[in-house]
Amino acid sequence: ANSGNRDKIGIVGSGLIGRSWAMLFAAAGYHVTLYDTESGQVESAKREIRLQMERLEKDKLLRGTLTADQQFELISGTSSLAECVKDAVYIQECVPERLDLKKVVFSELDKVTGSRTILASSTSTFLPSQFSDGLACKSRVVVAHPVNPPYYVPLVEIVPTPVTESWVVDTTQTIMTRIGQSPVTLKREIPGFALNRIQYAILNECWNLIEDGVLNVEDVDKVMSEGLGMRYAFLGPMETAHLNAEGMENYCERYCNSMYAVCQTMKPTPKFEGRLVKEISDQLSERTPIGELQARRAWRDSCLTKLATLKKEIAEN
Ligand code: NAI
């Protein structure tokens with residue numbers, strides 16, 4: 001990441017994701033202003049960011065070339081939306097996932113931002129046109145959807161509305177790359193974007209395998225964590241196929257019939273309701289009781305940290 005940026009980023013909503021974004025932008029040298037409507041949120045965000053940065057620095061995991069102190073100094077807070085967006089080149093909206101709220105926030109942003117400010121939403125489920133329709137700023141709106149925890153998972157899905165101008169998409173891509181994330185840009189908005197569409201396809205089949213009594217919950221998860229997931233951290237399903245034969249054309253020639261035949265036996269989309277919900281939930285809770293979710297999340301994040309470090313090492317060698 002370069003440390004020469006002096007551009008300003010505004011963060012609207014200082015919860016879990018707003019805090020992560022603030023750290024990513026500051027690591028690349030951007031000035032960041034955090035805003036929230038809830039009193040105390042901005043201050044608690046800053047306190048937590050400071051602690052996290054110090055911990056990361058101690059563990060030699062802090063991003064960028066600036067020290068934790070220098071990065072923290074780039075972050076300020078405000079309870080005024082106008083102050084948050086003033087002179088900002090890019091706004092990252094991170095308010096709770098409610099359509100009515102997103103609409104209100106974007107209509108407020110419409111009033112207080114100029115024609116050169118990008119308005120990006122962190123939404124994981126709403127199409128950008130759903131909360132920008134009818135607003136003058138619509139051509140400056142995109143989704144920039146992170147994956148939790150963004151500090152260790154670099155993918156960002158950029159999703160334009162049908163009228164988003166190309167400079168908005170291009171600049172968002174550039175900013176995401178500059179902060180060390182890996183953007184992909186969808187050509188058009190589509191429910192679930194790409195990550196969740198793929199995630200749901202996997203979840204559907206896992207659910208059906210459990211429902212049909214082929215595998216239990218633990219073993220379904222093992223198929224991913226000990227099998228497919230091992231590859232997918234480094235190459236996607238397309239390149240996996242390319243390598244699993246003498247190239248993709250050969251893969252399709254060899255496997256198209258058997259693949260199609262298997263897929264014909266797949267069941268319709270499950271509804272994720274009924275008795276199986278409790279059964280799956282009970283099996284999961286046996287391994288990780290609800291009271292221990294936080295500890296297990298910390299373990300997951302530490303695994304992802306190590307994986308991110310490994311991937312970085314591999315990329316550099
Ligand atoms: P959160 O609940 O942790 O934080 C939301 C913050 O927004 C709170 O501090 C709240 O006080 C503040 N807020 C509420 N109304 C506001 C307003 N009108 N103006 C400014 N601030 C306001 O939520 P979280 O998890 O950070 O999610 C934020 C967004 O990020 C959501 O759209 C969510 O779908 C998306 N996202 C979340 C991920 C996750 O794993 N938590 C992953 C990817 C995206």
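A salt bridge is taken here as a side-chain nitrogen of Lys or Arg within 4 Å of a carboxyl oxygen of Asp or Glu. By this criterion, Arg50, Glu54 and Asp69 are linked in a network of salt bridges. The structure is a predicted model, and a search of the whole of it finds 13 salt bridges.

The ligand is surrounded by 24 residues, of which Ile17, Asp36, Gln41, Glu97 and Lys102 come nearest. Sorted by class, this shell comprises 10 nonpolar, 10 polar and four charged residues. Contacts to oxygen atoms of the ligand come from both backbone and side chains. A backbone N or O atom of Leu16 is placed 3.0 Å from a ligand oxygen. For Asp36, a polar side-chain atom lies 2.6 Å from an oxygen atom of the ligand. Lys102 likewise places a polar side-chain atom 2.6 Å from a ligand oxygen. The ligand taken alone exposes 840 Å², and the protein buries 78% of that area. Two or more residues of the shell are supplied by each of the elements α1 (16-27), α5 (99-112) and β6 (141-146). The largest contribution is that of α5, which gives three residues.

Lys102, one of the residues that come nearest to the ligand, also takes part in a salt bridge with Glu93, in which the closest N and O atoms are 2.6 Å apart. Buried residues are those with under 20% relative accessible area. Lys102 therefore counts as buried, its relative accessible area being 1%. Glu93 is buried as well, with a relative accessible area of 0%. Lys102 thus has a polar side-chain atom 2.6 Å from a ligand oxygen and a salt bridge to Glu93.

A further group of salt bridges centres on Lys267. The closest N and O atoms of Glu211 and Lys267 are 3.8 Å apart, and the two residues form a salt bridge. Glu211 belongs to helix α8 (residues 195-211), whereas Lys267 is found in the loop between α11 (248-264) and α12 (275-287), so the pair ties together parts that are 56 residues apart in sequence. Both partners are partly exposed: the relative accessible area is 35% for Glu211 and 36% for Lys267.

Lys267 also meets the side chain of Asp212 in a salt bridge, with an N to O distance of 2.8 Å. Because Asp212 lies in the loop between α8 and α9 (217-232) and Lys267 in the loop between α11 and α12, this pair ties together parts that are 55 residues apart in sequence. Asp212 is partly exposed, at a relative accessible area of 45%.

Helix α8, which contains Glu211, also contains Leu203. Together with Tyr200 and Phe272, Leu203 forms a nonpolar patch on the surface, and the three residues have about 280 Å² of accessible area together. Residues enter such patches only with over 30% relative accessible area. The value for Leu203 is 43%, so this residue counts as partly exposed.

Technical notes
Residues are numbered from 1 along each chain as its sequence is written. This is a predicted model: local features need pLDDT of at least 70, side-chain atom pairs count only at pLDDT 80 or more; totals for chains, interfaces and linings use all residues. Side-chain values use heavy atoms; hydrogens and water are left out. A residue is near a molecule or strand if one of its heavy atoms lies within 4 Å of it. A polar contact is a pair of N or O atoms within 3.5 Å; within protein, one must be able to donate a hydrogen and the other to accept it, and residues adjacent in sequence count only if both atoms are side-chain atoms. Accessible areas come from the Shrake-Rupley method with a 1.4 Å probe; for residues, only the protein chains shown count as cover. Helices (H or I, at least four residues) and strands (E, at least two) are DSSP runs, numbered from the N terminus. Ala, Val, Leu, Ile, Met, Phe, Trp, Tyr, Cys and Pro count as nonpolar, Asp, Glu, Lys and Arg as charged, and the others, Gly among them, as polar. Buried means under 20% relative accessible area, exposed over 50%, partly exposed in between (1.4 Å probe, protein chains only). Patches are made of residues with over 30% relative accessible area and no salt bridge: like charges are joined within 9 Å, nonpolar side chains (Val, Leu, Ile, Met, Phe, Trp, Tyr) within 5 Å.
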